[in-house]
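Work through the exercises below with the coordinates open. Try each task before reading its solution.

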Amino acid sequence: MKKTAFITGIAGQDGSYLSEYLLSLGYRVTGIVRRNSTVEHQRDRIYGLPIELEYGDLIDQGSIERAMRLFKPDEIYNLGAQSHVRISSDIPHFTVQTNAMGVLNMLEAFRHIVPNAKFYQASSSEMFGSAVDEDGYQRETTPMHPVSPYGCSKVFGYNIVRHHRNAYKLFAANGILFNHESPRRGSNFVTNKVVKGAVEISLGLADKLEMGNMDSFRDWGHSKDYVRAMHLILQQDKPEDYVVATGETRSVREMCEYVFGKLGLDYQAYVTQNPKFLRPEELPYLRGDSKKIRTELKWVPEYSFENLMDEMIAHWQEIYSTK
Ligand code: NAP
Ligand code: G4F
């Protein structure tokens with residue numbers, strides 16, 4: 001029988017790729033979107049997909065329960081979040097309400113309405129914050145010392161999932177995902193900002209790019225590879241938490257060097273620093289050890305860093321060639 005998936009954050013980067021992936025596997029795909037005054041743009045990433053949508057908000061418990069009763073999901077993917085780390089310092093209350101209390105709202109609806117379903121929580125490497133193991137990696141056992149309202153809210157979500165799993169014997173699992181990108185990434189995240197800006201400069205549409213901290217390191221993978229991991233985590237008999245990462249790390253500076261270099265440019269001639277893009281507290285270094293999901297669930301990413309960046313560059317070149 002056709003399985004039903006219920007996705008919060010369905011119109012976001014991951015929600016859109018996950019929808020496409022689950023549809024390709026024969027799922028009925030359902031989800032919630034928030035009310036927004038510009039409805040056309042809100043649904044750009046999921047335009048034309050045969051999915052069922054209702055209005056809902058993670059902060060509005062009644063709306064979550066309504067959707068859960070209506071869709072009766074077999075699998076629940078809680079991807080909805082205020083997902084921008086720097087902006088979480090500007091809107092900390094909203095961030096915590098959505099990313100922390102929102103998870104509790106989802107778990108309670110899951111527990112009372114569809115307790116036999118399986119639940120995936122979009123946890124984050126930002127939870128590790130300043131903690132790094134001695135060998136230079138973060139993994140499932142690394143302590144969590146978050147350095148942003150976003151990171152703190154995600155730690156609550158992570159822990160309340162583990163609590164509900166243990167206390168009520170629910171299938172609830174965390175994917176601890178490191179940064180993942182794509183042409184669908186919001187253009188105020190660093191990779192897409194750099195790619196878009198560099199393509200504009202290469203076409204003479206801009207002459208500089210204002211950045212924040214160039215010396216933080218991130219472990220960047222492709223969203224398409226990471227949504228496969230989410231699905232895999234829910235196909236197991238036992239709910240467990242898994243780190244999903246490439247295991248490679250690069251600085252923002254190195255990423256700029258690659259992207260501008262691909263376009264025949266020297267990033268140093270165009271990139272300037274604007275303090276408005278710095279964070280009150282920076283997370284300087286992320287590198288994930290995803291041995292557990294690779295060995296136990298046989299997850300293998302298909303994209304390299306270079307393939308990912310090249311796809312994003314081609315995306316922006318295509319956009320500007322049709323303007
Ligand atoms: P994204 O593109 O920002 O998508 C987030 C989605 O959540 C958007 O559709 C957004 O809708 C929705 N949302 C925001 N507030 C909501 C609320 N109060 N109620 C219901 N929906 C709400 O993020 P993403 O990159 O796809 O990430 C998906 C999830 O993975 C997030 O939970 C993120 O924190 C987590 N994560 C991401 C990464 C990464 O590198 N991408 C890594 C680790 C974890 P609107 O457009 O209406 O705001
Ligand atoms: O692309 P970013 O904004 O992503 P960040 O903060 O690492 O968060 C992303 O990954 C998390 C997983 O670890 C997710 F949980 C979260 O939802 C989100 O998807 O910034 C990456 C790095 C930071 O060190 C930042 O300081 O890039 C640096 N950076 C330098 N200049 C900049 C800029 N980031 C942004 N967004 N804009 C800049 O101009």
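Three exercises follow, on the sheet and on the two ligand shells. This is a predicted model, in which local features need pLDDT of at least 70, side-chain atom pairs count only at pLDDT 80 or more, and totals for chains, interfaces and linings use all residues. Residues are numbered from 1 along each chain as its sequence is written, chains are lettered from A and ligands numbered from 1 in the order in which they are written, and side-chain values use heavy atoms, with hydrogens and water left out.

**Exercise 1. Trace the sheet and place helix 1 against it.**

Step 1. Fix the terms. Helices (H or I, at least four residues) and strands (E, at least two) are DSSP runs, numbered from the N terminus. Two strands pair if DSSP finds at least two bridges between them.

Step 2. Read the order. The open sheet has seven strands, arranged 3-2-1-4-5-6-11, with parallel pairing. Strand 3 (52–55) and strand 11 (242–244) are the edges, each pairing on one side only. On average, neighbouring strands are turned by 20° against each other, direction ignored.

Step 3. Check the strand 11 edge. Strand 6 (residues 171–177) runs parallel to strand 11 and is joined to it by three bridges. Ile 176 has Val 243 as its bridge partner there.

Step 4. Add the helix. Helix 1 (residues 13–24) lies across strand 1 (4–8), strand 2 (28–33) and strand 4 (75–78). Its angle to strand 1 is about 175°. Contact means heavy atoms within 4.5 Å. Axes are lines fitted to C-alpha atoms, for helices over the stretch in contact, and angles run from 0 to 180 degrees between N-to-C directions.

**Exercise 2. Describe the surroundings of ligand 1.**

Step 1. List the shell (a heavy atom within 4 Å). It holds 25 residues; Asp 14, Arg 34, Ser 83, Tyr 150 and His 180 are the closest.

Step 2. Sort it. Nine are nonpolar, 11 polar and five charged. Strand 5 gives the most, with three residues.

Step 3. Find polar contacts (N or O pairs within 3.5 Å). A polar side-chain atom of Asp 57 sits 2.9 Å from a ligand 1 nitrogen. For a backbone N or O atom of Leu 58, the distance to a nitrogen atom of ligand 1 is also 2.9 Å. The protein covers 87% of the 900 Å² of accessible area (Shrake-Rupley method, 1.4 Å probe) that ligand 1 has on its own.

**Exercise 3. Which residues are closest to ligand 2, and how much of ligand 2 is buried?**

Step 1. Of 23 surrounding residues, Ser 124, Ser 125, Ser 216, Arg 279 and Glu 282 are the closest.

Step 2. Take the oxygen contacts. Polar side-chain atoms approach ligand 2 oxygens from Arg 279 at 2.5 Å and from Arg 185 at 2.9 Å. A polar backbone atom of Val 190 is 2.8 Å from an oxygen atom of ligand 2. Alone, ligand 2 exposes 710 Å², and the protein buries 95% of that.

How values were computed. A polar contact is a pair of N or O atoms within 3.5 Å; within protein, one must be able to donate a hydrogen and the other to accept it, and residues adjacent in sequence count only if both atoms are side-chain atoms. Ala, Val, Leu, Ile, Met, Phe, Trp, Tyr, Cys and Pro count as nonpolar, Asp, Glu, Lys and Arg as charged, and the others, Gly among them, as polar.
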